[in-house]
Amino acid sequence: MRKGICLLFSVLILSVTVHAQDSQSKEISLQEAIDIALENNYQLKQASNNLRLAESSITSEYADFAPSISANFSGSSRKGQQLVRQGDTQIFEDNVTNGLSGSLSADVSIFNGFENILSLRRSKADKLSSEEQLQRAKEDVIFNAASNFLQVLLDEELVEIAKENLEASQKQLEQVKAQVEVGSRPTVDLYNQESTVASNELTLTQRENNLKMSRLALIRQLQIDPRGNYEFTNPELEADSNIQIGGQEFDIDELITNALDNRSDLKSEMADLTALELQLKQARYNLIPTLSASARLSSSYNDQYFGGGIPFSDQFYDQNYTTSIGFSLNIPIFNNWNRMNQIQTAKINLKNAKLGLENTRLQIIQEVTQAYNDYLSYQKELQSTRKALRAAERTYETQQERYNVGASTLIELSDANANYVQAQSDNARALYNLIFQEKLLDYYIGKLDKEMSLN
């Protein structure tokens with residue numbers, strides 16, 4: 001009985017310890033979030049697998065230059081009426097014949113219309129395309145993880161603003177209650193303040209819900225256990241809340257040039273275009289004659305060979321041993337128009353790829369231009385919201401002092417407080433929008449790196 005109680009007590013202690021460990025939140029910084037996303041993202045893993053497949057294809061194309069060698073070995077046993085030799089005559093009789101045969105052959109292409117060379121070049125172009133696709137996939141993961149992380153930080157900031165506003169309005173409500181009780185304020189002020197507190201509670205609830213949704217979106221992007229308790233932090237941003245406006249200047253022409261030089265998706269399409277050009281050459285060269293050579297070694301053994309009695313070594317290594325060598329010239333004359341159709345198909349695919357490449361170039365220019373204009377706009381917006389925040393703060397403090405001495409109404413104070421809270425929210429959004437836009441510019445010009453800070 002005493003052992004059972006001790007065992008139960010141990011289990012309870014263990015369960016409490018495990019629960020306490022589970023309840024502890026795991027802090028994740030921006031850099032850690034990016035590293036986790038790069039490690040877990042399935043699309044990135046697929047792109048990596050495609051790159052390995054392209055590398056394997058290059059190895060196979062190199063092997064096509066070597067001869068193809070094959071060996072064959074077979075055995076048979078035949079029972080029934082067979083023509084056998086007896087002396088100088090041949091007769092049919094029931095008999096069992098056992099035989100063995102083997103061969104070794106090699107074939108090599110001497111000239112196949114540059115097929116092997118062009119196929120190798122195509123495989124290298126496909127590998128280059130896969131490498132650029134993998135790089136762009138990494139940039140996509142980094143950008144999505146960073147943007148979701150920024151959204152979480154912004155929503156956390158907005159929740160804190162809503163909490164502070166609710167606390168201030170609740171304190172104001174207590175003050176109004178006391179003033180109404182002593183008759184220094186009308187009862188309507190109490191009702192108005194209670195309405196303000198209820199409205200602030202609703203705002204806090206809505207912002208907390210937005211925070212939960214953004215956290216779930218980030219967790220989904222990182223592909224980690226949604227049941228875990230995580231705290232997303234970035235001390236650098238908190239320490240640098242007074243980010244400088246206009247601290248980094250850009251030249252739009254330089255940005256566009258860098259984007260056209262660096263964008264991995266554009267490089268991937270250019271590699272695909274090279275592969276299609278080589279495919280067209282292959283289709284045209286299929287009209288050229290091809291030349292190949294072959295060599296063969298073969299031998300066999302039969303226990304009824306010349307009436308039987310001839311040893312295996314004499315037959316297999318001497319009497320039945322043969323060698324052959326040959327050449328084959330294939331001249332394409334008419335193939336039901338299939339080769340001409342392949343040429344036309346390759347031409348159309350190449351034209352479509354060129355159109356797609358030009359469209360991608362224009363899209364990149366538009367993306368960079370729009371991101372640059374938005375960056376300038378967000379700089380001005382942050383500058384304006386900071387001015388508005390300082391003015392709203394001074395207005396609120398002034399109205400608070402006037403209300404305390406009875407020189408202002410509660411409605412005026414509430415309006416000033418609402419403007420101050422709105423100015424805080426606008427400034428927070430403008431700050432995060434500017435930071436986000438800088439990362440978006442890096443993404444659009446193809447220079448987004450995994451080592452990232454929010455400064």
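In the predicted model, Y317 is exposed, since its relative accessible area is 60% and the threshold for that class is over 50%. The ring of Y317 is paired with that of F312: the two centres are 6.1 Å apart and the planes stand at 90°, so the arrangement is edge-to-face. F312 has a relative accessible area of 34% and is therefore classed as partly exposed. A pair of aromatic rings is described by the distance of the centres and the angle of the planes.

A second pair is formed by Y396 and Y420, whose ring centres are separated by 5.7 Å; their planes are at 10°, so this pair is stacked. The two residues belong to distant parts of the chain, with Y396 in helix α10 (residues 338–404) and Y420 in helix α11, 24 residues apart. Y396 is buried, at 16% relative accessibility. Y420 is also buried, with a value of 16%; the limit for this class is under 20%.

In the whole structure, 13 aromatic pairs were found. Ring pairs also join F143, F436, Y443 and Y444 into a cluster. One member of this cluster, Y443, has R136 over its face, at 4.2 Å from the ring centre. A further contact between a charge and a ring involves R185, whose charged end is placed over the ring of Y403 at 3.8 Å from the centre.

Side chains of opposite charge can pair when their charged atoms come close. The search of the whole structure gave five salt bridges. One of these joins R263 and E367, with an N to O distance of 3.1 Å. This pair links distant parts of the chain: R263 lies in the loop between α7 (252–262) and α8 (264–285), whereas E367 lies in helix α10, and the two are 104 residues apart. R263 has a relative accessibility of 3% and is therefore counted as buried. E367, at 18%, is buried as well. Together with D265, these two residues make up a network of salt bridges.

Another salt bridge is found within helix α4, where K127 and E131 are four residues apart, about one turn of the helix. The closest N and O atoms of K127 and E131 are 3.9 Å apart; the cut-off for a salt bridge is within 4 Å, so the pair is counted. Both residues are partly exposed, K127 at 25% relative accessibility and E131 at 32%. The side chains of D225 and R227 also meet in a salt bridge, at 3.1 Å from N to O. Within this pair, D225 is partly exposed at 35%, while R227 is exposed at 75%.

The second largest pocket of the model has a volume of about 220 Å³. It is lined by 13 residues, of which N165, N200, T203, A418 and V421 are the closest to its centre. At least two lining residues are supplied by each of the helices α4 (115–181), α5 (187–222) and α11 (410–444). Helix α11 provides the largest share, with six residues. By residue class, the lining consists of nine polar residues, three nonpolar residues and one charged residue.

Technical notes
Residues numbered from 1 in each chain as written. Predicted model: local features only at pLDDT ≥ 70, side-chain atom pairs only at ≥ 80, totals over all residues. Heavy atoms only, no water. 1 Å grid on protein atoms, 1.4 Å probe; cavity = no way out; pocket = protein on both sides within 12 Å on 5 of 7 lines; lining within 4 Å. Points joined across faces, edges and corners; volume = space filled by probe spheres on them. Nonpolar A, V, L, I, M, F, W, Y, C, P; charged D, E, K, R; others polar. Phe/Tyr/Trp six-rings, centres within 6.5 Å; stacked < 30°, edge-to-face > 60°. Buried < 20%, exposed > 50% of the residue type's maximum accessible area, 1.4 Å probe, protein only. Lys NZ or Arg CZ within 6 Å of the ring centre and 35° of its normal.
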